[in-house]
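I opened the notebook to look up how the chains of this model sit together. My entries follow the display.

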2 protein chains.
Amino acid sequence: MKLHTYFRSSASYRVRIALQLKGLPYEYLPVHLVRGEHKAPAYASHVGDALVPSLETDDGHWLTQSMAIMEYLDETHAAHPLLPADALGRAHVRALAQMVACEIHPLNNLRVLKYLVHELKVSDEAKTGWYAHWARSGLEAFERQLALLDAERKAGGLPPSVFCWGDVPGMAECCLVPQVFNAQRFAVNLDGLPRLMEVVERCNAMPAFQSAHPSACPDAQ
Amino acid sequence: MKLHTYFRSSASYRVRIALQLKGLPYEYLPVHLVRGEHKAPAYASHVGDALVPSLETDDGHWLTQSMAIMEYLDETHAAHPLLPADALGRAHVRALAQMVACEIHPLNNLRVLKYLVHELKVSDEAKTGWYAHWARSGLEAFERQLALLDAERKAGGLPPSVFCWGDVPGMAECCLVPQVFNAQRFAVNLDGLPRLMEVVERCNAMPAFQSAHPSACPDAQ
């Protein structure tokens, strides 16, 4: 498999973690977003939205969108499932992943920040405020959701979660850890999010997460 | 099942279509977003991000995030699958759904437009331009992706798609149709998107899509 990726892309980072957790070897193909390589025909002719990451399968299919790629990896490779075995647990984990991928990240990625500055002419301070607002409010919502899920497990007689839901990291952590890394890079206040930050710290101590980290990427600068 | 929904919420509309396609009866519980009912404790104490829709299962579990809810419905009810049977087709359909749910809708929902106006003090014209930019560029990307997928089917000897991928509507159409409805409400130019618009028109001729339409909702105004 070939992963078209950029070291600092949060969505690419998610898939790198998933590949590492599942122990799947892959070829790392850097696409330099800041230089606009994703918009060049060599890449954009294969990917409708010209975003990273994309996964090129061994039989030549191009797969796009990080969560769809992770689902594909999970369906085609049994090792280290990224989703629980039961439908209820799967719904909860997917929802956590989507709280990051649909509510936080889309508002804070590079092209949106560029639009704010170049089209809406907002100040640097307002741009930073925008980033912090969506990151902070989204992570607070994530923390509340973890509390609700912890209470649900307790009420249902399930053991307390070690990670977001259950005792192994999966799709929720693949999304959460890159988002927190990003928030830290933008100096967002992460106080008062103890449950979530404990999960992130536990993940970051694991080799799979360390190997997928932007600083460990061949194209890291 | 109980669906907490708002007639005009695009994410709620997705799940209403999914429920109708699968022929599942449900109780319609309106949450009036403009009046702020989603933030009141009666709702927000069950849903970490206080967004709609949420699905309350018959055994009392609250499920959040529209795509996670649709996956849950698909895993627990076999009638009218929302995803293809094969991993590759599933990856393509999920990616199309996510092109709407992760790249267009998050930028254009009510709370984001409110932030633009109240916090960033952008003009009405700039707000409309923002909406049109993300809707139009996202739908153009969707159109390009459909062309790539059509070419992939042709190369692989598969019959041409009648809908986005294959011959039945599923999760991709559940996301696409509400997004186009929204774009039309904001008077976004939809010229030059023939493949996508043909799918939308085909869907809108089906009773399942008509019953889920905002104008057919009990709380429609």
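These entries cover the symmetry, two helix contacts and the annotated domains.

**Entry 1: symmetry**

I noted at the start that this is a predicted model. I then looked up how the copies are related. Chain B superposes on chain A by a rotation of 180° with 0.0 Å of shift along the axis. The RMSD of that fit is 0.0 Å. The two copies are thus related as by a two-fold rotation axis. I checked the contact surface next. The same surface serves both copies, as 100% of the contact residues of chain B recur in chain A. Which residue of chain B comes closest to the rotation axis? I found C102(B), with its C-alpha at 2.4 Å.

**Entry 2: a helix pair between the chains**

I turned to helix 4 of chain A, residues 87-101, and helix 3 of chain B, residues 66-76. Their axes come within 8 Å and cross at roughly 160°. Angles over 145 degrees count as roughly antiparallel. That makes helix 4 of chain A roughly antiparallel to helix 3 of chain B. I recorded the crossing of this pair as right-handed.

I listed the residues that meet. Helix 4 of chain A brings A87(A), L88(A), R90(A), A91(A), R94(A), A95(A) and Q98(A). Helix 3 of chain B brings M67(B), A68(B), E71(B), Y72(B), E75(B) and T76(B). By class, I have seven nonpolar, two polar and four charged residues in this contact.

**Entry 3: a helix pair within chain B**

I stayed with helix 3 of chain B and looked up its packing against helix 8 of chain B, residues 171-185. The axes come within 11 Å and cross at roughly 145°. This crossing is right-handed. From helix 3 of chain B, the contact uses M67(B), M70(B) and E71(B). From helix 8 of chain B, it uses M171(B), C174(B) and C175(B). I sorted these residues into five nonpolar, no polar and one charged.

I cross-checked M67(B) and E71(B) against the contact with helix 4 of chain A, and both are listed there.

**Entry 4: annotated domains of chain A**

I looked up the UniProt record, an unreviewed entry. It lists "domain: GST N-terminal" at residues 1-81 of chain A. Over that stretch I read 33% helix and 17% strand. The end C-alpha atoms of residues 1-81 are 18 Å apart.

UniProt places "domain: GST C-terminal" at residues 86-221 of chain A, also from an unreviewed entry. How much of this stretch is helix, and how much is strand? I read 68% helix and 0% strand. The end C-alpha atoms of residues 86-221 are 41 Å apart.

Conventions:
Residues numbered from 1 in each chain as written. Chains lettered and ligands numbered in written order. Predicted model: local features only at pLDDT ≥ 70, side-chain atom pairs only at ≥ 80, totals over all residues. Heavy atoms only, no water. Axes fitted to C-alpha atoms, helices over the stretch in contact; angles between N-to-C directions. Helix = DSSP H or I, 4+ residues; strand = E, 2+ residues; numbered from the N terminus. Parallel < 35°, antiparallel > 145°, perpendicular 65-115°, else oblique. Left-handed = near helix turned anticlockwise from the far one by under 90°. Contact = heavy atoms within 4.5 Å. Nonpolar A, V, L, I, M, F, W, Y, C, P; charged D, E, K, R; others polar. UniProt positions renumbered as here; feature names shortened; annotations may be inferred. Least-squares fit on C-alpha atoms with pLDDT ≥ 70 in both.
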